[in-house]
Amino acid sequence: MTALPSQHQNPNTTQPDMSHHHKQSPRATAVATSRYSLFSPKLSVYLCSICVTLFVVFHIQILQTPLPSSSNSLSFLHNWQEKLTTYDDSPSSCAPDLESMGDKLRESVTFLPLKDLRFANAALVGHTWFMSSLYDTHEEGEVQYQQFPSKSSDGRILCIKGHDNHDGSWNYYALAYPGFLPKNATLVTGRTFVSYNHYDFGNIWHGLSSLVPFVAWHLKSQCALPSRWILYHWGEVRTGMSPWLNTLMEATFGGPMNIEKFDDVGDDQTTYCYEEAVVMRHNEGGMSRENRMGVYDLIRCKARMMCGAELDRTDGEIGLTLLMRTGPRSFRNETAVVEIFERECKKVESCRLRVAYSSNLTICEQVKLMGLTDVLVSPHGAQLTNLFLMDRNSSVMEFYPKGWLKLAGVGQFVYKWITSWSGMKYEGAWRDTDGEQCPYPDDDRRCMSIYKNGRIGYNSTYFAEWASKVLNEVKLRKFEEASKGNINPTKCACS
């Protein structure tokens, strides 16, 4: 962390030079007396004190209430800030009063809990319970984000106090003007990405969903890069993420993630203020499909570059990959399933079958495998997140154990969603109707604990017909793309 201690100086007040006074005529003396009576030092100090009092009361109020993004209010506050940092050498200088006002401005910075327990029942709605007093910037089709300093923050920067990893309500945030940081605060230079994940950075699906918005902001901000990352789950500090996700983000941003661990912080209440910060708390919400596809295009391209995989396939092969699982949600009879797809693949010219387990592959081996895949066949599970690493317009076939449709909730559709968001084609899902029996009624939520990790059977006739249909459609699509001269880009954006 590159940090500079917050500083301010006490300026010396220049005393008026009386050495050049000389006698004046009565008329000149009268004029001078009149001038000094109208602009006396006492009157200047009195007026300045009134301004100081009014400003401090006004600023305490605005620090506790989000301000509209008004150019007038922003201009007003910036003018005051300039006056606080510029001292006049004239006899009526208000330097002592302005210095006192600066101290009051520092003391008036209000810290609020990162996790606002008042919104625990609507933690992901609207302004969420993370930094709940602030609202996001959102243009239609674009990512939702907060940026500091900015017009919406009236030029203030983000300050964070505390690094608790068990209770987010013990960590705090505030906004402060760069010239008037809280006392003993440390200014951290560079750009900081602050990510809020309501679920888990260790899960590659949930982790990816929380970091995709930063890639979108990176693209729309002329490829601006972060100096560091701060990760939060429920307002609690997290110091890492899955190796798969960490590697892809390093490839995308062109360097180490540099995730803050706060190892060198002795006091839990140490305050850090960030020269520039970008905050995300809504995952991909609000982004258009076109913008999402652009993000996945960039991650895919950068990952292939890092791993030395081909950016543009020209082999004419139809790659059929069975990406298997072991344990929960695996096929009960893998051999039978592989034989079905192998038989159908042999019926299609240029089709090549590959069977793999993501748990046995390095990250780059997964990237290269997906680069050779046109049809991905896999049970529901985290390994399916790899699907966006295929070329656009590739196909996905998904499989579920018994009971999921009725009881698993909307989360069961995440791979259908990412298939669409990344420009792939979702060919449907097969749901097993056989499996372990639940002692409760079928719609009882307790049954999900039994069905969640169930294994998947197979239907020879259905699988064969489904595989034949998809493979022939892919063959036709690839032929049409080749005849049109469609090729994948050979250079990544932000390169």
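**Close-up 1. Parallel pairing of strands β12 and β13 in the predicted model**. In this predicted model, strand β12, which covers residues 375-379, is joined to strand β13, residues 395-400, through 5 bridges in the parallel sense. Within this pairing, L376 has V396 of β13 as its bridge partner.

**Close-up 2. Helices α9 and α11 packed on the sheet**. Helix α9, made of residues 363-371, packs on the sheet and touches β10 (318-324), β11 and β12, with its direction making about 140 degrees with that of β10. Helix α11, made of residues 414-421, likewise packs on the sheet, where it touches β13 and β14, and its direction makes about 165 degrees with that of β14.

**Close-up 3. The open sheet of 5 strands and its edges**. The strands follow the order β11-β10-β12-β13-β14 and pair in parallel. Because β11 (351-357) and β14 (425-431) stand at the edges and have a single partner strand each, one side of each is left without a neighbour in the sheet. From one strand to the next, the twist averages 15 degrees.

**Close-up 4. Strand β5 and its antiparallel partners β2 and β4**. Of the 5 residues of strand β5 (residues 172-176), 4 are buried, that is, under 20% relative accessible area, so the strand is largely enclosed by the rest of the structure. Strand β2, residues 112-113, runs antiparallel to β5 and is joined to it by 2 bridges, with P113 standing opposite Y172. Strand β4, residues 157-161, also pairs with β5 in the antiparallel sense, here over 5 bridges, and I157 has A176 of β5 as its bridge partner.

Terms used: Residues numbered from 1 in each chain as written. Predicted model: local features only at pLDDT ≥ 70, side-chain atom pairs only at ≥ 80, totals over all residues. Heavy atoms only, no water. Pairing = 2+ DSSP bridges. Axes fitted to C-alpha atoms, helices over the stretch in contact; angles between N-to-C directions. Contact = heavy atoms within 4.5 Å. Buried < 20%, exposed > 50% of the residue type's maximum accessible area, 1.4 Å probe, protein only.
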